[in-house]
Amino acid sequence: MIKIAFAGNPNVGKSALINAIAGSNLKVGNWPGVTVEKKEAEFTYNGQRIQFIDLPGVYSLSPYTLEEIITRDFILQENPDVVINVVDSTNLERNLYLTMLLKELGKPMIMALNFYDEFEKLNYKLDLKKFQEHIGMEVVLTSALKGNGLKELLDKVIVRAKEGKKLVDYNLNFESYLQEELTYIKCNMNQDESLKEIIAKYGIDFTAIKLLENDANFIGHIEKEYGFKYPDYFGKVTKELEERYDEDIETIFAESRYGIVKGILAQTFTTSMKSRLDFTDKVDKILLNRFLGLPIFFVIIAGLMGTVFNGSAPLIDWIDGFINDYIGKYVEMFIGNGIPDWLHSLIVDGILGGVGGVVVFIPLMLYLYFFLAILEESGYMSRVAFIMDKIMRKLGLNGRAFVPMVLGFGCTVPAIYATRTLEDEPSRKLTAAMAPFMSCGARLPVYGLFTAAFFGAKAGMVVMSLYVVGIVVAILVGLVLKNFKMFQAEDKSLLIELPPYRLPSFKIIIKSTLRRTGEYFKKATTVIMGILIILWALTYFPNDGDASNSYIAKFGKTFTPIMSPTGFGNRWEAVAAIPPSFAAKEVVVGFMAQVLTADSTLESEDEKTDTTFAQDTLEQFKGLAIAIKDSAIGIVSFDVGGLFATPDAAEVEAEGLGVVSATKMLWAGDPLASLRAYSFMIFILLVVPCVVTLAAIKHEFGTKFTGFIIMIMLVVPYIASTLIFQVGRLFY
């Protein structure tokens with residue numbers, strides 16, 4: 001197998017090139033022992049098995065970030081057959097600095113000059129033959145969007161790989177005095193027997209430069225592997241160079257590399273009067289305006305979330321009906337009445353209900369990832385971090401952390417995975433600890449039920465207050481946690497590239513959306529199924545489906561004294577509803593419908609009509625067509641009001657089969673009824689998120705951190721609900 005590593009700056013189109021060449025074979029995981037995303041693809045080309053590895057986007061190979069360490073160590077230790085250096089052809093000066101660093105590694109390398117279609121539109125000119133001579137490697141002009149140059153790149157890579165993995169002696173072309181000193185060092189190294197094995201593995205150029213720079217990471221590694229002792233002549237040359245240039249040694253090499261890049265471009269590259277940044281600069285003057293930037297961002301995010309919810313809602317309703325009414329009907333017919341009641345309930349309520357609980361959210365995840373991909377590919381998401389940097393810095397975070405928190409209003413699962421964009425582990429952990437307090441869409445059915453039962457026309461204001469409480473609590477938790485070492489990130493300025501605005505590739509967006517949604521589905525189904533079956537058992541046993549005398553009811557009655565200070569804890573039903581909410585917050589409504597006695601009656605048997613399989617199937621196709629049409633209408637409606645609106649009493653009553661009437665009876669005649677209901681909603685807002693979110697946290701941060709989050713999200717809601725009830729009752 002030929003192993004090809006893709007290396008380059010962020011936003012140069014590495015993943016897009018891999019997708020364009022390898023198709024849908026991209027696999028995403030994590031690099032061993034760290035949370036940085038690992039992307040790789042395997043495929044066959046002309047009978048040759050090829051593996052692509054997409055290394056993290058970096059600006060340098062200094063061992064200061066996880067991404068830089070992973071990229072450098074992979075190329076040095078894993079020894080790929082060829083490195084493809086992907087370069088943004090419209091921003092050569094910045095990109096070629098990394099090329100100089102990659103050359104120092106001495107690995108077989110080919111350059112992919114990407115976005116060349118944009119390069120030509122800007123009327124830029126490049127003397128390719130002379131450029132290749134100066135840069136010291138083959139160069140292929142590519143465009144992932146247009147599909148240009150992909151076959152040529154692949155063919156050259158295969159030819160280069162067959163030449164073997166021997167180290168390449170690139171001409172580094174440093175400034176004359178620096179080159180003389182480097183040559184002197186290399187002569188000494190060639191005579192130093194203790195360095196023989198090190199040079200053979202890492203190359204003489206890279207080893208010489210890293211030892212001159214006194215690179216602690218590299219020196220520590222070769223000390224451990226080879227028992228290396230630092231020779232005196234390195235320190236002597238380093239001191240001479242620093243005295244001559246009046247700079248530290250790293251800066252000396254960095255400035256020399258930039259000088260080489262400028263020299264190459266001066267001889268090979270010309271720009272037109274048309275500036276690449278004209279359009280981007282004009283748009284940024286509006287979107288990054290100190291007064292308009294933040295309001296525009298909130299409008300964009302509100303529009304995105306409104307579109308996601310309005311577009312996915314009809315499809316969610318259709319899938320819900322498809323699973324429960326269509327699949328459920330024929331599953332029941334198939335299993336019949338000849339099996340024990342508990343097994344019947346397990347299949348229908350536990351397994352089928354569990355699958356449905358995951359599958360219904362697929363449209364939401366598809367739409368969310370689709371529109372996020374548009375923002376990412378267009379170049380806007382980088383600007384969000386820039387806009388929010390000053391605000392987030394007060395929490396010990398930078399602007400990147402705001403994006404996951406905003407996503408938490410839609411769904412906490414993608415919010416947790418979005419923390420991968422943060423550059424250090426403490427920042428990721430602090431953001432992951434705050435994001436679950438954002439009020440996700442799954443909590444709205446609970447708000448709808450309790451506001452319909454206790455608040456009537458004031459429902460909208462009550463729900464808005466819950467969103468505000470979630471934000472305030474998240475900030476307070478962040479302010480507390482940032483004082484602990486585990487959450488203390490280095491106080492670094494936000495260094496982020498603002499790429500030019502680009503028209504997103506529909507093909508790339510679709511692939512990204514399907515891949516992310518598939519990951520969500522796989523992770524969700526492996527965890528939520530087990531939890532829901534456990535919850536089913538707790539609700540069903542020991543009295544064969546009698547919820548009021550089930551294990552979960554006994555739990556509620558046991559803990560009512562402890563929960564009494566919260567106000568809602570005087571009813572076991574409310575207390576017992578908390579554990580089911582861990583499966584999914586929407587479960588609370590169904591749980592209330594099961595355990596409360598409603599005055600309204602269910603649909604009578606004689607009102608039901610018998611239908612055939614063909615009729616039911618046709619009805620489902622009609623329903624799907626209507627759902628698709630309503631989804632399209634929802635997308636173009638741009639209605640954001642639905643994000644904060646709750647279902648009215650009639651809607652909840654119809655869907656909950658009398659649950660609103662039953663819920664009203666929880667605290668019938670109690671003057672503090674509305675306060676108790678509000679305290680309960682606060683608890684549901686702040687309590688441990690759904691198991692899918694917990695699975696995401698465990699996947700990203702491990703079991704111990706997940707346990708820590710669970711502890712926080714049990715203590716915080718208890719304190720908040722208790723304070724709200726105890727202070728609130730003073731005003732009643």
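1. Start with L723, which lies in helix α33 (residues 703-728). L723 is exposed, because its relative accessible area is 52% and the cut-off for exposed is over 50%. L723 also helps to make a nonpolar surface patch of about 830 Å². The other members of this patch are M711, L714, V715, I719, V727, L730 and F731. Keep in mind throughout that this is a predicted model.

2. There is a charged patch too. D246, E247, D248, E250 and E255 form a negative patch on the surface. Take E255 as an example. It sits in helix α12 (residues 249-268). Its relative accessibility is 48%, so E255 counts as partly exposed.

3. Now turn to strand β5 (residues 82-88). How many of its seven residues are buried? Seven of the seven are, so the strand is largely enclosed by the rest of the structure. V82, I84, V86 and D88 point one way, while V83, N85 and V87 point the other way. Both sets are buried.

4. Look next at the partners of β5. Strand β1 (residues 2-7) pairs with β5 in the parallel sense, over four bridges. Here F6 stands opposite I84. Strand β6 (residues 109-114) also runs parallel to β5, and six bridges join the two. V83 has M109 as its bridge partner in β6. D88 stands opposite N114.

5. Strand β6 deserves its own point. Six of its six residues are buried, so β6 is largely enclosed by the rest of the structure. Both of its faces are covered. M109, M111 and L113 are on one side, and I110, A112 and N114 are on the other.

6. Compare this with a helix. Helix α1 (residues 14-22) has seven of its nine residues buried, so it is largely enclosed by the rest of the structure. The buried ones are K14, A16, L17, I18, N19, I21 and A22. Just after α1 comes G23, with a positive phi of about 70°.

7. The structure holds 19 salt bridges. One of them joins D205 to K186, with the closest N and O atoms 2.8 Å apart. D205 is in helix α9 (residues 204-212) and K186 is in helix α7 (residues 176-190), so this pair ties together parts that are 19 residues apart in sequence. Is D205 buried or exposed? It is buried, because its relative accessible area is 7%.

8. A second salt bridge links E225 and K201, whose closest N and O atoms are 3.4 Å apart. E225 belongs to helix α10 (residues 216-226) and K201 to helix α8 (residues 196-202), so the pair ties together parts that are 24 residues apart in sequence. E225 is partly exposed, with a relative accessible area of 36%. K201 counts as partly exposed as well, at 28%.

9. Which parts of the chain do D616 and K329 link? Their side chains meet in a salt bridge, at 2.7 Å from N to O. D616 is in helix α28 (residues 613-637) and K329 is in helix α14 (residues 293-335). These are distant parts of the chain, 287 residues apart. D616 counts as buried, at 13% relative accessibility. K329 is partly exposed, with a relative accessible area of 27%.

10. Salt bridges can also form a network. R72, E104, K210, E213, D215 and R257 are linked in this way.

Definitions and conventions:
Residues numbered from 1 in each chain as written. Predicted model: local features only at pLDDT ≥ 70, side-chain atom pairs only at ≥ 80, totals over all residues. Heavy atoms only, no water. Patch = residues over 30% accessible without salt bridge, like charges linked within 9 Å, V, L, I, M, F, W, Y side chains within 5 Å. Areas by Shrake-Rupley, 256 points an atom, 1.4 Å probe, with all protein chains shown as cover. Salt bridge = Lys/Arg side-chain N within 4 Å of Asp/Glu carboxyl O. Lys, Arg positive; Asp, Glu negative; His and termini not counted. Charge placed at Lys NZ, Arg CZ, Asp CG, Glu CD. Buried < 20%, exposed > 50% of the residue type's maximum accessible area, 1.4 Å probe, protein only. Pairing = 2+ DSSP bridges.
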